[in-house]
Amino acid sequence: MVAALELYLDPDATRRIRVLWEALEAEGVQSMRSLWEQRHRPHISLAVAPRFDPEQVAEALRATVVAAPLRLDFQHAGQFVGRVLWLGPAPTPELLTHQRMVYDRLTAAGIGLAEHYQPGRWVPHCTLSMRVPNALMAAAVRRCLEVLPLAATVVGAALTDHARDIAHPLP
């Protein structure tokens, strides 16, 4: 399991993604709805690590507005190796600069982050399913395309580690 620094979406975008999760489940694809006793929220992760110390993260991000009211325009569906399905927002300069700032502050504090969250390698995304069966991928992607484009605004942030039952809101 991993810990993440998550950006949460406005209520309308959250509702639309939850409806998409339901549509994926109806297609036979286990969505994020099913994980962690349904405590999972649609989000974009700015940083991921095997484990976070909440106090160390809070100190590294002191005086930082992690939940900046960024506008996100989800325009595409994508797939990572391992059959991970996601929706992706356009990587605007504001979003990329914000992620870089958070990444730089965490790494400057000695917090080790996952390699694929390095600026320049990070792919902004909202995970929909962790393991889409190959035979169902085309149907799952079609379901995703039905909700696009999807406009959203960041309205909150938290440091989460569901394996350790940690969910610390961040400013």
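The following dialogue examines a helix pair, a pocket and two backbone features of a predicted model.

Student: Why are helices H1 and H4 called roughly antiparallel to each other?

Tutor: The axes of H1 (residues 11-26) and H4 (residues 137-147) cross at roughly 155°. Angles over 145 degrees count as roughly antiparallel, and H1 and H4 therefore receive that description. Their axes come within 10 Å, and the crossing is right-handed.

Student: Which residues make the contact of H1 and H4?

Tutor: H1 contributes Arg16, Leu20, Ala23 and Leu24, while H4 contributes Ala140, Arg143, Cys144 and Val147. Contact here means heavy atoms within 4.5 Å.

Student: What makes two residues of the contact of H1 with H4 charged?

Tutor: Arg counts as charged, and Arg16 of H1 and Arg143 of H4 belong to the contact. By class, the contact has six nonpolar residues, two charged ones and no polar ones.

Student: What lines the largest pocket?

Tutor: The space in this pocket is about 630 Å³. Its lining has 24 residues, and those closest to the centre are Val2, Tyr117, His125, Thr127 and Met130. Strands S1 (3-9), S2 (43-49) and S5 (126-129) each give two or more residues to the lining. S2 supplies the largest share, three residues. The lining divides into 14 nonpolar, eight polar and two charged residues.

Student: What makes the peptide bond between Leu148 and Pro149 notable?

Tutor: This bond is cis, with omega about -5°. Most peptide bonds are trans. Pro149 lies in the loop between H4 and strand S6 (150-161).

Student: What is notable about phi of Arg83?

Tutor: Phi of Arg83 is near 70°, which is positive although the residue is not glycine. Most residues other than glycine have a negative phi. Arg83 is placed in the loop that runs between strand S3 (71-80) and strand S4 (84-89).

Notes: Residues numbered from 1 in each chain as written. Predicted model: local features only at pLDDT ≥ 70, side-chain atom pairs only at ≥ 80, totals over all residues. Heavy atoms only, no water. Axes fitted to C-alpha atoms, helices over the stretch in contact; angles between N-to-C directions. Helix = DSSP H or I, 4+ residues; strand = E, 2+ residues; numbered from the N terminus. Parallel < 35°, antiparallel > 145°, perpendicular 65-115°, else oblique. Left-handed = near helix turned anticlockwise from the far one by under 90°. 1 Å grid on protein atoms, 1.4 Å probe; cavity = no way out; pocket = protein on both sides within 12 Å on 5 of 7 lines; lining within 4 Å. Points joined across faces, edges and corners; volume = space filled by probe spheres on them.
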